[in-house]
Structure formats: structure tokens, C-alpha cells
Amino acid sequence: MKIKTLVSRDMVDSLTTGGCGECQTSCQSACKTSCGVVNQPCEKKAEEDK
Amino acid sequence: MIHSYTLNGYHITVDAASCAVHVTDRQGMDAIALYEDGDREKATRLLQEKYPQVPLADITACLNDIDALRAQGKLYAPDVYQAALPRRTAPTVVKALCLHVAHVCNLACSYCFAGQGKYAGAQALMPYEVGRDALDFLVRHSGTRRNLEVDFFGGEPLMNWDVVKRLVAYGRELEKQHNKMFRFTLTTNGVLLDDEVMDFCNREMHNVVLSLDGRKEVHDRFRVDHQGRGSYEAIVPKFQEFVRRRGHQGYYMRGTFTHYNLDFLNDILHMADLGFTQLSMEPVVTSPDNPSAITQDDLPQVFEQYERLAQVMLERHREGRPFDFYHFLIDLGHGPCIHKRIIGCGSGTEYLAVTPWGDLYPCHQFVGEQQYRLGSLLEGITNATLQQEFGRCNVFSHTECLQCWAKYFCSGGCAANAAHATGSVTGVYDIGCQIFKKRMECAIMLQAALDEYNENAR
């Protein structure tokens, strides 16, 4: 009877840490028709990880 | 709100508000469902009845784990975002432009959403001055945003290649003057690709989107030139060389599937077997009465294709020959913040399309529809009411989204699809919703499988 929780970003925390707007606009990517935003990585986190 | 499903042997529960993902066994998934109301005694009893072989200690431990996840806000999490950001609308800065450098095309793809590149209007190439003004407009309205995106689109952008190159050079000057970083993207059908284009793109384009529908007979069904000749044979070798030269730089093979190739997994695998590893396949955008349109009756087969695609991707990953599929890309740990997930694509506000004449539209899909014209580079935004409507459009604007588990993954979907299907940008294109949710289930399952694979590898 097991449960494993995958590592995921804290959405409540991102209320205060997020919102910089530097991430890619969805339609600048591959699709131009039907994507959602979740395909877009966070630019701020990418910068922090460097 | 939770969403539980089983796919490829993985039992997965997604917590809608926190976007947390839990991978369980069958019993664990049932425990999550039965304990949602917090009635410990009832949950214990029901689990003992359903799983008499499971020791009480295991049931207790599982419910304890669920209690901890509930306390951490990762299960049954309340949706606090609408209250925290009640008037969250798209920002007033512009950060991305889709430059229609050509309203003309050297192919005559009959399914083209853009009317073979002319968007129901006159043929035209964007003069350099209009493009230059567009980049100035973008910088002027970008506020403090550093990353700016410009997509060279059409029609076929390579038919106006000299202007594209001059605009990239101008953009680089603006970067230095205004401390900005342009990310240029080029979308092309490949017909005019040559060494010079490839080399320039590899120096300057952050991403290139290469239109290929898959197998030759599928690609050449629609993607023909003005004499009706298929383009597959001409473009595939060029795409292969282009991608080889790009090395690790970004690209996507971007295919369209229609009612005529509901077995589109074969087209995706064909592209993978051609050596392409960054793949995207989109459902056709067309009117519902077009014979190529994806219908409700087609969806079971479409879903099955996505599920099998995810399985094949896992197999190939294990075999050491992986490929990426755009719609299955998801980084649970580094994905967008809740602000982005509420706002969505930003069309009409932070993302605008510019026609060869300098007219502004909310995105490329609205170009040519006069009721959606926002203004022009010369006049600025003249239809403020329309822009405000797009600005207010977010995930909370769609009634159907409020009860959807995938809302913070999808963000309300494509505004153009919604408007064309329902007459309103706050509507939803139902077939698009169903497809998105299936793709998201597959994407999350892939993450669960890769997590397990990596763990076993350690």
C-alpha cells in the first residue's frame, strides 16, 4: 500500500517567488496550436541553478 | 481535487491545486480516494474490506503517509490561488512577437490554417522598416523583461530571407542598447533551406521549427507545391543536414496529423527513424466540417496513439536511443510558477502577431479576422476593449476549467481554438481539452516511469 511523491515545484511558494515573466511564451515553442504552459521551464530557476 | 488514473501499469494521482504527483500501487490509489474526506475510521474499514490480505499496520502506515501529505499541502490541497490573485490578469508588457514576414508561401498545403499563407488577404512580404518598427515596439513595451522572443513566421519566412537577416542584426543592436536578450525562432517548410540559411540559423536562431508531417505518403497528401507535387523528397535530406549541423541547439520537427492519419504514431516514429530526436505532432487546426478535421469519434484512436507513443518512448529510452516529444515534456520540479499557470499563453497582451503591414493581432491564429485586430505599430493598441478582454482571460475565466484537474498544467488552453469553437476566448474547445488531458496523463506517467528507471539504475 505504497505512495511515492515525485519531486515537484511548490505552487504556493511560487506565489511569492514567481511571477517574473521571463519564461518563454508558449507559442514561441514547437506547437503554435495546442500547447499548455507546463511545457515551459522556469527561466528564473534555470538561472538560479547555474 | 485529485485525479487518479492507471496507465502503462502505473497508478498515478495528481493533486490539482498543488500539481503534486503521487505514484502508488493499486491499494495506495484506493486509499487516497477513500480518505479524501478525512474520515480515518471509515477509510480504514473500507480498505480492510477491499483488501483483507493487507495487514492493518500497512493500512495505518499508508493513511499516516496521506495525513502527512495533506498537512504538506500535496494532497487534497485547497485551491488558494484565485483568492490570493483575484484580479490576476496578463501583464501589460509585451515580451513576444510573431512576425509574419511573409504572407505568401511556396507550398499550397490544403489544410493550412493560414489559407496557404495569405490569411484570407493579399500576398505580401514584410518590408524591413515594418519589422524594424516591430522590434522597436517590442523593446519599447517590454518594461523590465529581459528575455524577448521573436518568431519569424508566415506563410514561408524564407521567401523574405534577407529581411529576416537584417532584422536579426537590428535585434542584436537593440540588445546592447537596451540590455535585452532576443531569442529568435524560425518556422519553415524547408523548401528554400540551403547552406547559407542553415549556417545563419545555427549562429542566430535559438530554435528552429521544421514542418514535416511524417511518412512520405502522409506528408505529401497535404504538403504540396503549387503544381501539386509533394515536398517530402526535397526537404527531408535538407532537414537532416540542418539538424546534424545544429548539434545540441534547439529545434523541433513539427508535424500535423489529421483525420486521415489517426495512426500518427507511425509518423512520429518515422521521424525518429530519420534521425530526428526533437519531435512535435499537432492536431490539425481547421473547421469542424472539413474532412481532415479531428472529430469526437476519432478521439479513442488518438488517445491510444498517445499512450502507445509514451510506451515506445520509454522503450527507446531504455535502449539508449531516446527522443523527445514536445507535448510530453514536463519538468515537475522546475516548471512554471503559479502566475504563469494562471495567465496562460499571454496572447493579445504579452504575445502579439504582426502582419506585413504592421497590423497587430492577439496571435497568428487571429490574423486576418478584422474583429480581432488590436491596432498597428503606427497607431499602437486601438482596440483597448479587445486587449482588456484578452488580458482578463486566464484559467479562472473558463467555467469548464474550474472543475478540471489539469487546469494548472493547461492554463485554459488556446484562446484561438476557444474563440473559433465557441465564439468567445473564455470558451473551451472541448476536443482540444480532451486531447490535452490525455497528453498530460501520458507525460506524467513518463515522469513516473523515468523516476523509477533512474532509481533502479542507481
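Two strands are said to pair if DSSP finds at least two bridges between them. With that in hand, the sheets of this predicted model can be read strand by strand. Strand 10 (250-257) of chain B makes a good starting point: five bridges link strand 10 to strand 11 of chain B, and the two run parallel. Within this pairing, Gly255(B) has Met281(B) of strand 11 as its bridge partner. Strand 10 of chain B also pairs with strand 9 (residues 205-211) of chain B, again in the parallel sense and over five bridges. Here Val209(B) is matched with Tyr252(B) of strand 10. Seven of the eight residues in strand 10 of chain B are buried, so this strand is largely enclosed by the rest of the structure. Helix 10 (residues 265-273) of chain B lies across strand 10, strand 11 (278-283) and strand 12 of chain B, and runs at about 160 degrees to strand 11.

These strands belong to an open sheet of eleven strands in chain B, arranged in the order 12-11-10-9-8-7-4-13-14-15-16 with mixed pairing. At its edges stand strand 12 (324-325) and strand 16 (380-381) of chain B; each has a single partner strand, so one side of each is left without a neighbour in the sheet. Further along the order, strand 4 (residues 96-100) and strand 7 (residues 147-153) of chain B run parallel and are joined by five bridges. Leu97(B) stands opposite Val150(B) of strand 7 in this pair. Helix 5 (residues 128-140) of chain B packs on the sheet, where it touches strand 4, strand 7 and strand 13 (351-354) of chain B. The direction of helix 5 makes about 170 degrees with that of strand 4 of chain B.

A second sheet brings both chains together. This open sheet has four strands in the order 1(A)-3(B)-2(B)-1(B), and its pairing is antiparallel. Its edge strands are strand 1 of chain A and strand 1 (2-7) of chain B, each of which pairs on one side only. From one strand to the next, the twist averages 25 degrees. The link between the chains is made where strand 1 (residues 3-5) of chain A meets strand 3 (residues 21-24) of chain B, an antiparallel pair held by three bridges. In this pair, Ile3(A) stands opposite Thr24(B), while Lys4(A) stands opposite Val23(B). Helix 17 of chain B lies across strand 1, strand 2 (10-15) and strand 3 of chain B, at about 115 degrees to strand 2.

The contact between the chains as a whole takes 71 residues from chain B and 41 residues from chain A. On the side of chain B that touches chain A, helix 17 (residues 430-457) of chain B gives the most, with six residues. That side of chain B divides into 34 nonpolar, 21 polar and 16 charged residues.

Finally, what do the domain assignment and the confidence scores say? The assignment for chain B gives domain 1 (2-78) and domain 2 (96-328), and the C-alpha centres of these two domains lie 43 Å apart. Chain B has a mean pLDDT of 94, with 99% of its residues reaching 70 or more. For the complex, the predictor gives an ipTM of 0.92 and a pTM of 0.94.

Methods:
Residues numbered from 1 in each chain as written. Chains lettered and ligands numbered in written order. Predicted model: local features only at pLDDT ≥ 70, side-chain atom pairs only at ≥ 80, totals over all residues. pLDDT = per-residue confidence, 0-100. Domains from an automatic or database assignment. Contact = placed C-beta atoms within 7 Å. Nonpolar A, V, L, I, M, F, W, Y, C, P; charged D, E, K, R; others polar. Axes fitted to C-alpha atoms, helices over the stretch in contact; angles between N-to-C directions. Buried ≥ 20, exposed ≤ 12 C-beta atoms within 10 Å, placed from the backbone.
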